[in-house]
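Biologist: I'd like to learn how to read a model like this one, feature by feature. Could we start with a single pair of side chains and work outwards?

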Amino acid sequence: VITLLETNIKYQSYADISERLGLKSDRTKFVIECLIEEKMIHIDDQGFLQKSTERLSTTKDIPSKALKRGHQDILDLAIQKIDTVPVEDRFYSASTIAIKKENLNEAKNIIREFRAKLSTMISSGDPDEVYQMNIQLFPLTE
């Protein structure tokens, strides 16, 4: 919801946000009320929802049940979208690589830097869509 408020469309209605993001209306209402309560978004003088914070980030390398569930939900959505979004509107990629484990922290930092640079580049101008980007790096060996 927060990222949708960064696009060039103004939103007043929970229903418009639900429709745009493909969320159930009760879920949208709950999320918006929580975001308002946490002062992450607010309603401006004209009645439009506006973002109140510059950038949000989560903890790094600290276990969280909520974050784990969020990642699972996004992966489930990625599975659905691979069949419903035309290939020209999406990008899925995977690499299987042999690594030296002591380089893992450096790899995580490079991925974080890449995400930040890419986000800045593709968000510049007048954003009109909201996309989800996932990068996974996990061991296949036991």
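**Reading the model**

Modeller: Sure. Look at Ser-18 and Thr-28, whose side chains are joined by a polar contact of 2.7 Å. The term means N or O atoms within 3.5 Å; within protein, one must be able to donate a hydrogen and the other to accept it, and residues adjacent in sequence count only if both atoms are side-chain atoms. Bear in mind that the model is predicted: local features need pLDDT of at least 70 and side-chain atom pairs pLDDT 80 or more, while totals for chains, interfaces and linings use all residues. Numbering starts from 1 along each chain as its sequence is written, and side-chain values use heavy atoms, with hydrogens and water left out.

Biologist: Where is Ser-18 placed, and is Ser-18 buried or exposed?

Modeller: Ser-18 sits in helix H1 (helices are DSSP runs of H or I, at least four residues; strands are runs of E, at least two; both are numbered from the N terminus). Ser-18 counts as buried because its relative accessible area is 7% (buried means under 20%, exposed over 50%, partly exposed in between, with a 1.4 Å probe and protein chains only). Leaving out neighbours within four places in sequence, Ser-18 is in contact (heavy atoms within 4.5 Å) with Leu-23, Lys-24, Ser-25 and Thr-28.

Biologist: What happens at the ends of H1?

Modeller: At the N-terminal end of H1, which spans residues 14-21, Ser-13 acts as the cap. A side-chain oxygen of Ser-13 lies 3.0 Å from the backbone nitrogen of Ala-15. After H1 comes Gly-22, with a positive phi near 70°.

Biologist: Back along the chain, what does the side chain of Thr-7 pair with?

Modeller: A polar atom of the Thr-7 side chain lies 2.7 Å from the backbone oxygen of Leu-4. Thr-7 belongs to the segment before H1, and its relative accessible area of 8% is why Thr-7 is called buried. If you set aside neighbours within four places in sequence, Thr-7 is in contact with Pro-127, Asp-128, Glu-129 and Val-130.

Biologist: How do I read a nonpolar core, and how many residues are in the largest one here?

Modeller: Think of a network of buried Ala, Val, Leu, Ile, Met, Phe, Trp, Tyr and Cys residues, joined through side-chain atoms within 4.5 Å. The largest in this model has 10 residues: Ile-2, Leu-4, Leu-5, Tyr-11, Ile-17, Val-31, Ile-32, Leu-35, Ile-41 and Leu-49. Helix H2, residues 25-37, supplies the largest share of this core, namely three residues. Now click on Tyr-11: not counting residues up to four places away in sequence, Tyr-11 touches Leu-4, Leu-5, Asp-16, Ile-17, Arg-20, Gly-47, Phe-48 and Leu-49.

Biologist: On to charges. How many salt bridges does the structure hold?

Modeller: Five (each is a side-chain nitrogen of Lys or Arg within 4 Å of a carboxyl oxygen of Asp or Glu). One of them joins Lys-51 and Glu-6, with the closest N and O atoms 2.5 Å apart. That pair links distant parts of the chain, 45 residues apart: Lys-51 is in strand S2 (residues 49-51), and Glu-6 is in the segment before H1. Lys-51 is partly exposed at 23% relative accessible area, and so is Glu-6 at 36%.

Biologist: Which salt bridge lies within helix H2?

Modeller: Glu-33 with Lys-29; both are in H2, four residues apart, about one turn of the helix. Their N to O distance is 2.6 Å. Glu-33 is partly exposed at 37%, and Lys-29 is partly exposed at 40%.

Biologist: And what about Arg-69 and Asp-73?

Modeller: Their side chains also meet in a salt bridge, 2.6 Å from N to O. Arg-69 and Asp-73 are about one helical turn apart because they are four residues apart in helix H3, residues 65-84. Arg-69 is partly exposed at 44% relative accessible area, and Asp-73 is partly exposed at 36%.

Biologist: Let's zoom out. In what order do the elements run?

Modeller: There are four helices and two strands, and from the N terminus the order is α-α-β-β-α-α. Along the principal axes, the C-alpha atoms fill a box of roughly 55 × 35 × 30 Å.

Biologist: What share of the residues is buried?

Modeller: Of the 142 residues, 11% are buried. For contacts with a separation of 6 or more, 48% are between residues 24 or more positions apart.
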